[in-house]
Amino acid sequence: MNNWQKRSMKASVIVSMLMLTAVPVYAMHIAEGMLPIQWCLIWGALFLPFFVWGFWSIKKQCAGSGRVKMLLAMSGAYCFVLSALKMPSLVTASSSHPTGTGLGTILFGPASMAVLGFIVLLFQALLLAHGGLTTLGANAFSMAVAGPFVGYGVYLLAKKCKAPRVVSVFLCAFVADLFTYAVTATELALAFNNAEVSFMQAWGKFMGIFAMTQIPLAIVEGILTALVFEAIASLCKDEMPALCAVTK
Amino acid sequence: MTTVDRIAYTSKLKDMSPAIKAGLAVSTLLGVLVASQNVFSVAVFALMTALCTAGSGLPLRQYRKMCAIPFWFLLAGAAVVAVGFSEAPAGLWHVRIFGVYLVVTLDSLRRALELFLRSMAGVSCLYFLCVTTPVNDLLGLLNRMHAPKLLTELMMMIYRFIFLLAGLAGQMAVAQKARLGNAGYRASLRSVSMLASSVFVCAFQKSAAIYDAMESRGYDGNFDFTGELSRSTGRQRLIFAAYEVLLIGAVVAVKWIAG
């Protein structure tokens, strides 16, 4: 190898390392300014009905007592803290972050997750500069709507098939994670196709990168969620009878 | 997280009207997206850097450190956008994978650069809002804009609880580390799940305790915000209006020159 070859080899290794380490940490959110304005508006408009629906559902839940409101706020904060938690990662030396939507969906239902997820994303943008204000609609649609709803569907299906609780919780978190990334890839592909790169090619490109990094991540989050859920269920007997109904 | 919050509370522009600061950041952000031109993006990035450092009093080193994270991430994102597919070798650079060529053309490189600069400019606008405006002021602003009361209340409480739970999680993580909870992959997976479930139980108990404490002090299901939001002065409003006119003019001019 001559000097130039060595250097280009090094550069390519650095670039691939960079993609592998940088992408998983931030991949769940589309950064500020990434999406053209028309796509920001479209995804915002698509998210709005879910938000309104979730808002009414929360309002109904809160009407009875203030205790529920407090609990919902606490669980929103919990989702934020969970998503900032470092998760041991299989692929790279760096740690990655769970989305935390799987657990929230099972405990509080997908409708309230739409609102809580939106607030969590807003605070992530304002306090951590993850995601952004203009991409809030797109991020909320993939993380607070698409992932939770599909994950919840899978969870109900697994329960109906009489799968063990561990398995159905794992599947819910795993599928919610994967679907979130699939929708994010779709959002990016819709914005970044052109005459040279067709929609399917762009989608394949983003999905390829996500698949490389996110499938192991989704498996880890699935295992983690199942473990956490088991721990909560075992503690709930004496600590919080109100939640026992959910964990059954 | 705590650092951004601290920076916002110690900013020199903290007592400026949040409406003006939010208006400035959001309108510039929209301008960047609508214009989507490199010159404009660079100019906005420079302006926001000046406002964050000289205007708000953030040390340049800290600002550079804050910008480094999105810089590398956006570079990776732009690199992905720059790569296209082709049946035959073409463009500036190509490599054969699975029977197709991955190519980088001059056109795609230009698009990637545009995306990168636009995103960096957008991030700088967001940073301006983050480092000058405490979240409480923004929530007060939302309240004044007649956002649904339940929503602002939830946000208020979530904001407060985030720091509570993050502190708890931080303490637990230190305790686990001190007891070799992260020795090996299995142990660290177990530790993280234990931490997450313990934080959840604590959150559940705390929410009940906080409700009891508030109810015993006359909480009737409504939060009333009493804090005064700082109002804008006439001069600030004039400067803001002039800036908006300038911004719209610049966007139109840049669009017109680009065709």
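**Close-up views of chains A and B**

**View 1. Arg165(A) is partly exposed, with a relative accessible area of 31%.** This is a predicted model, so read all these views with that in mind. Arg165(A) has a salt-bridge partner in Glu230(A), and their closest N and O atoms are 3.1 Å apart. The two residues tie together distant parts of the chain: Glu230(A) sits in helix H8 (residues 199-239) of chain A and Arg165(A) in helix H7 (residues 165-191) of chain A, 65 residues apart. Glu230(A) comes out at 27% relative accessibility. That value lies between the 20% and 50% cut-offs, so Glu230(A) is partly exposed too.

**View 2. A salt bridge crosses from Lys69(A) to Glu153(B).** Have a look at where the two side chains meet: N to O, the gap is 2.7 Å. How many salt bridges turn up when the whole structure is searched? Over all chains, the search finds four. The Lys69(A) pair joins two chains, because Lys69(A) lies in helix H3 (residues 66-84) of chain A while Glu153(B) lies in helix H7 of chain B. Are these two residues buried or exposed? Buried means under 20% relative accessible area, so Lys69(A) makes the cut at 6%, and Glu153(B) does as well at 2%. Between chain B and chain A, the rule finds one salt bridge.

**View 3. Chain B and chain A meet through 73 residues from each.** Putting the chains together buries about 6,600 Å², and carbon and sulfur atoms give 83% of that area. On the chain B side, keep an eye on Phe73(B), Phe200(B) and Phe204(B), which lose the most area to chain A; together they make up 11% of what that side buries. As for polar contacts, seven residue pairs are counted between the two chains, both members at pLDDT 80 or more. Several elements of chain B give two or more residues to this side, including helix H4 (60-82), strand S1 (84-86), helix H5 (106-132) and helix H7 (149-178). Which element of chain B gives the most? That would be H8(B), with 21 residues. Sorted by class, the chain B side has 55 nonpolar, eleven polar and seven charged residues.

**View 4. Asp107(B) and Arg110(B) pair up within one helix.** This salt bridge has its closest N and O atoms 3.1 Å apart. Both residues belong to helix H5 of chain B, and they are three residues apart, about one turn of the helix. At 31% relative accessibility, Asp107(B) counts as partly exposed. Arg110(B), at 54%, is over the 50% cut-off and therefore counts as exposed.

**View 5. Two domains of chain B touch each other.** The domain assignment splits chain B into domain 1 (1-82 + 112-133 + 231-259) and domain 2 (135-228). Their centres, taken over C-alpha atoms, are 30 Å apart. Where the domains meet, eleven residues of domain 1 are in contact with ten residues of domain 2. The buried area here is about 910 Å², with carbon and sulfur atoms giving 62%. Don't go hunting for salt bridges between these domains: the rule finds zero. There are, however, two residue pairs in polar contact, both at pLDDT 80 or more. On the domain 1 side, H1 and H2 of chain B each supply at least two residues. By class, that side holds six nonpolar, two polar and three charged residues.

Note on methods: Residues are numbered from 1 along each chain as its sequence is written. Chains are lettered from A and ligands numbered from 1 in the order in which they are written. This is a predicted model: local features need pLDDT of at least 70, side-chain atom pairs count only at pLDDT 80 or more; totals for chains, interfaces and linings use all residues. Side-chain values use heavy atoms; hydrogens and water are left out. Contact means heavy atoms within 4.5 Å. Buried area is the accessible area (1.4 Å probe) that two parts lose on being put together, summed over both. A polar contact is a pair of N or O atoms within 3.5 Å; within protein, one must be able to donate a hydrogen and the other to accept it, and residues adjacent in sequence count only if both atoms are side-chain atoms. Helices (H or I, at least four residues) and strands (E, at least two) are DSSP runs, numbered from the N terminus. Ala, Val, Leu, Ile, Met, Phe, Trp, Tyr, Cys and Pro count as nonpolar, Asp, Glu, Lys and Arg as charged, and the others, Gly among them, as polar. Buried means under 20% relative accessible area, exposed over 50%, partly exposed in between (1.4 Å probe, protein chains only). Domain bounds come from an automatic or database domain assignment.
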